[in-house]
Amino acid sequence: MATSTVDAVIPAPREAVYKFFAERDGINGHLPGVQFTLKKPGSPTPSGVGAQYVVGRGSLGFIEETTKLVPGERMEYKIVKGVPVKRHVGIVTFADADGGTRVTYTMESEPSLPVPAKAVEAGLRVLINQFIKGAQKAFR
(Lines give C-alpha, C1' and ligand atoms only; values in the text may rest on other atoms or scores of the structure.)
Protein backbone atom coordinates (compact mmCIF):
# COMPACT_ATOMS: atom_id res chain seq x y z
CA MET A 1 0.00 0.00 0.00
CA ALA A 2 1.22 3.49 -0.87
CA THR A 3 0.94 6.37 1.59
CA SER A 4 1.61 10.06 1.26
CA THR A 5 1.22 12.86 3.84
CA VAL A 6 1.44 16.63 3.41
CA ASP A 7 1.42 19.20 6.23
CA ALA A 8 0.49 22.83 5.59
CA VAL A 9 -0.80 25.86 7.46
CA ILE A 10 -3.96 27.42 6.06
CA PRO A 11 -4.40 31.09 7.08
CA ALA A 12 -7.87 30.74 8.61
CA PRO A 13 -9.54 29.62 11.86
CA ARG A 14 -9.70 25.88 12.46
CA GLU A 15 -13.52 25.62 12.32
CA ALA A 16 -13.60 27.33 8.90
CA VAL A 17 -10.85 25.09 7.50
CA TYR A 18 -12.52 21.97 8.91
CA LYS A 19 -15.82 22.97 7.29
CA PHE A 20 -14.05 23.56 3.95
CA PHE A 21 -12.72 19.99 3.91
CA ALA A 22 -15.61 18.18 5.65
CA GLU A 23 -18.42 19.71 3.60
CA ARG A 24 -16.96 18.31 0.40
CA ASP A 25 -19.08 20.27 -2.08
CA GLY A 26 -17.72 23.48 -0.52
CA ILE A 27 -14.45 22.70 -2.30
CA ASN A 28 -16.12 23.34 -5.67
CA GLY A 29 -14.59 26.30 -7.45
CA HIS A 30 -11.25 25.85 -5.71
CA LEU A 31 -10.00 22.72 -7.53
CA PRO A 32 -9.48 22.97 -11.28
CA GLY A 33 -11.75 20.67 -13.29
CA VAL A 34 -13.24 18.78 -10.33
CA GLN A 35 -16.71 19.00 -8.81
CA PHE A 36 -18.07 17.30 -5.69
CA THR A 37 -21.78 16.52 -6.04
CA LEU A 38 -23.72 15.09 -3.11
CA LYS A 39 -25.24 11.79 -4.22
CA LYS A 40 -26.43 10.37 -0.89
CA PRO A 41 -26.85 12.45 2.28
CA GLY A 42 -25.08 11.44 5.47
CA SER A 43 -26.15 11.66 9.09
CA PRO A 44 -26.95 13.73 11.11
CA THR A 45 -26.43 16.38 8.38
CA PRO A 46 -26.26 15.96 4.60
CA SER A 47 -22.42 16.15 4.74
CA GLY A 48 -22.24 13.86 7.80
CA VAL A 49 -20.95 10.32 8.13
CA GLY A 50 -22.19 8.16 5.27
CA ALA A 51 -22.45 11.07 2.82
CA GLN A 52 -21.50 9.98 -0.68
CA TYR A 53 -20.20 12.37 -3.32
CA VAL A 54 -19.59 11.94 -7.02
CA VAL A 55 -16.14 13.43 -7.61
CA GLY A 56 -15.44 14.43 -11.20
CA ARG A 57 -17.29 16.23 -13.97
CA GLY A 58 -20.81 15.45 -15.11
CA SER A 59 -21.43 11.71 -15.04
CA LEU A 60 -17.70 10.92 -15.13
CA GLY A 61 -16.11 10.37 -11.77
CA PHE A 62 -15.82 8.17 -8.73
CA ILE A 63 -17.81 7.84 -5.50
CA GLU A 64 -16.30 9.00 -2.21
CA GLU A 65 -17.91 8.31 1.17
CA THR A 66 -17.36 10.20 4.42
CA THR A 67 -16.50 7.62 7.09
CA LYS A 68 -15.55 9.64 10.17
CA LEU A 69 -16.02 13.20 11.40
CA VAL A 70 -14.66 14.69 14.62
CA PRO A 71 -15.76 18.35 14.43
CA GLY A 72 -12.82 20.71 14.19
CA GLU A 73 -10.30 17.87 14.52
CA ARG A 74 -10.55 15.13 11.89
CA MET A 75 -12.37 13.89 8.80
CA GLU A 76 -11.92 10.62 6.95
CA TYR A 77 -13.27 9.27 3.71
CA LYS A 78 -12.87 6.31 1.38
CA ILE A 79 -13.43 5.72 -2.31
CA VAL A 80 -16.20 3.18 -2.75
CA LYS A 81 -16.62 3.01 -6.54
CA GLY A 82 -15.19 4.14 -9.83
CA VAL A 83 -11.40 3.74 -9.65
CA PRO A 84 -9.19 0.66 -9.87
CA VAL A 85 -8.21 0.43 -6.21
CA LYS A 86 -8.64 -2.28 -3.61
CA ARG A 87 -8.58 0.41 -0.93
CA HIS A 88 -8.19 4.19 -0.86
CA VAL A 89 -8.69 6.35 2.22
CA GLY A 90 -8.07 9.98 3.04
CA ILE A 91 -7.46 11.27 6.55
CA VAL A 92 -7.36 15.00 7.26
CA THR A 93 -6.54 16.36 10.72
CA PHE A 94 -6.73 19.95 11.94
CA ALA A 95 -4.84 21.76 14.72
CA ASP A 96 -4.28 25.34 15.75
CA ALA A 97 -1.02 26.82 14.45
CA ASP A 98 0.71 30.17 14.28
CA GLY A 99 -0.94 32.00 11.41
CA GLY A 100 -3.96 29.72 11.08
CA THR A 101 -4.71 26.00 11.03
CA ARG A 102 -2.27 23.14 10.54
CA VAL A 103 -3.74 20.62 8.12
CA THR A 104 -2.19 17.16 7.96
CA TYR A 105 -3.59 15.35 4.93
CA THR A 106 -2.80 11.66 4.40
CA MET A 107 -3.89 9.44 1.54
CA GLU A 108 -3.42 5.67 1.57
CA SER A 109 -4.06 3.72 -1.60
CA GLU A 110 -3.76 0.12 -2.72
CA PRO A 111 -4.25 -0.09 -6.49
CA SER A 112 -5.86 -3.19 -7.96
CA LEU A 113 -3.42 -2.92 -10.88
CA PRO A 114 0.34 -3.52 -10.57
CA VAL A 115 1.73 -0.01 -10.10
CA PRO A 116 5.02 0.74 -8.32
CA ALA A 117 4.43 2.16 -4.83
CA LYS A 118 6.73 5.14 -5.49
CA ALA A 119 4.64 6.13 -8.51
CA VAL A 120 1.41 5.89 -6.51
CA GLU A 121 2.92 7.90 -3.64
CA ALA A 122 3.99 10.64 -6.05
CA GLY A 123 0.48 10.75 -7.50
CA LEU A 124 -1.10 10.92 -4.05
CA ARG A 125 1.21 13.81 -3.11
CA VAL A 126 0.09 15.71 -6.23
CA LEU A 127 -3.58 15.15 -5.32
CA ILE A 128 -3.09 16.26 -1.72
CA ASN A 129 -1.24 19.38 -2.81
CA GLN A 130 -4.16 20.30 -5.09
CA PHE A 131 -6.50 20.17 -2.08
CA ILE A 132 -4.07 22.22 0.04
CA LYS A 133 -3.67 24.85 -2.70
CA GLY A 134 -7.45 24.98 -3.09
CA ALA A 135 -7.85 25.65 0.64
CA GLN A 136 -5.13 28.31 0.58
CA LYS A 137 -6.87 29.95 -2.38
CA ALA A 138 -10.26 29.83 -0.62
CA PHE A 139 -8.93 31.65 2.45
CA ARG A 140 -6.90 34.42 0.82
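In this predicted model, Thr3 sits in strand S1, which covers residues 2-10. With a relative accessibility of 36%, Thr3 counts as partly exposed, because that class lies between the 20% limit for buried and the 50% limit for exposed. Setting aside residues up to four places away in sequence, Thr3 touches Thr106, Met107, Glu108, Glu121 and Leu124. A separation of 30 Å lies between the C-alpha atoms of Thr3 and Pro44, which are 41 residues apart along the chain.

The wider pattern of S1 helps to place Thr3. In a regular strand, side chains alternate between the two faces of the sheet. Along S1, Ala2, Ser4, Val6, Ala8 and Ile10 point to one face and are buried, whereas Thr3, Thr5, Asp7 and Val9 point to the other face and are not buried. S1 runs antiparallel to strand S7 (residues 100-111), and nine bridges join the two. Within this pairing, Val6 of S1 stands opposite Tyr105 in S7.

Attention now turns to a charged residue elsewhere in the chain. Glu65 is found in strand S4, spanning residues 60-70. Is Glu65 buried or exposed, and which side chain of opposite charge is nearest? Glu65 is buried, and the nearest such side chain, that of Lys78, is 4.9 Å away. A salt bridge requires a distance within 4 Å, so Glu65 has none. The side chain of Glu65 does, however, make a polar contact with the side chain of Gln52, at 2.8 Å. Beyond its neighbours within four places in sequence, Glu65 is in contact with Gly50, Ala51, Gln52, Glu76, Tyr77, Lys78 and Val80. Both Gln52, the polar partner, and Lys78 are thus found in this contact list.

Conventions:
Residues are numbered from 1 along each chain as its sequence is written. This is a predicted model: local features need pLDDT of at least 70, side-chain atom pairs count only at pLDDT 80 or more; totals for chains, interfaces and linings use all residues. Side-chain values use heavy atoms; hydrogens and water are left out. Helices (H or I, at least four residues) and strands (E, at least two) are DSSP runs, numbered from the N terminus. Buried means under 20% relative accessible area, exposed over 50%, partly exposed in between (1.4 Å probe, protein chains only). Contact means heavy atoms within 4.5 Å. Lys and Arg count as positive and Asp and Glu as negative; His and the chain ends are not counted. A polar contact is a pair of N or O atoms within 3.5 Å; within protein, one must be able to donate a hydrogen and the other to accept it, and residues adjacent in sequence count only if both atoms are side-chain atoms. Two strands pair if DSSP finds at least two bridges between them.
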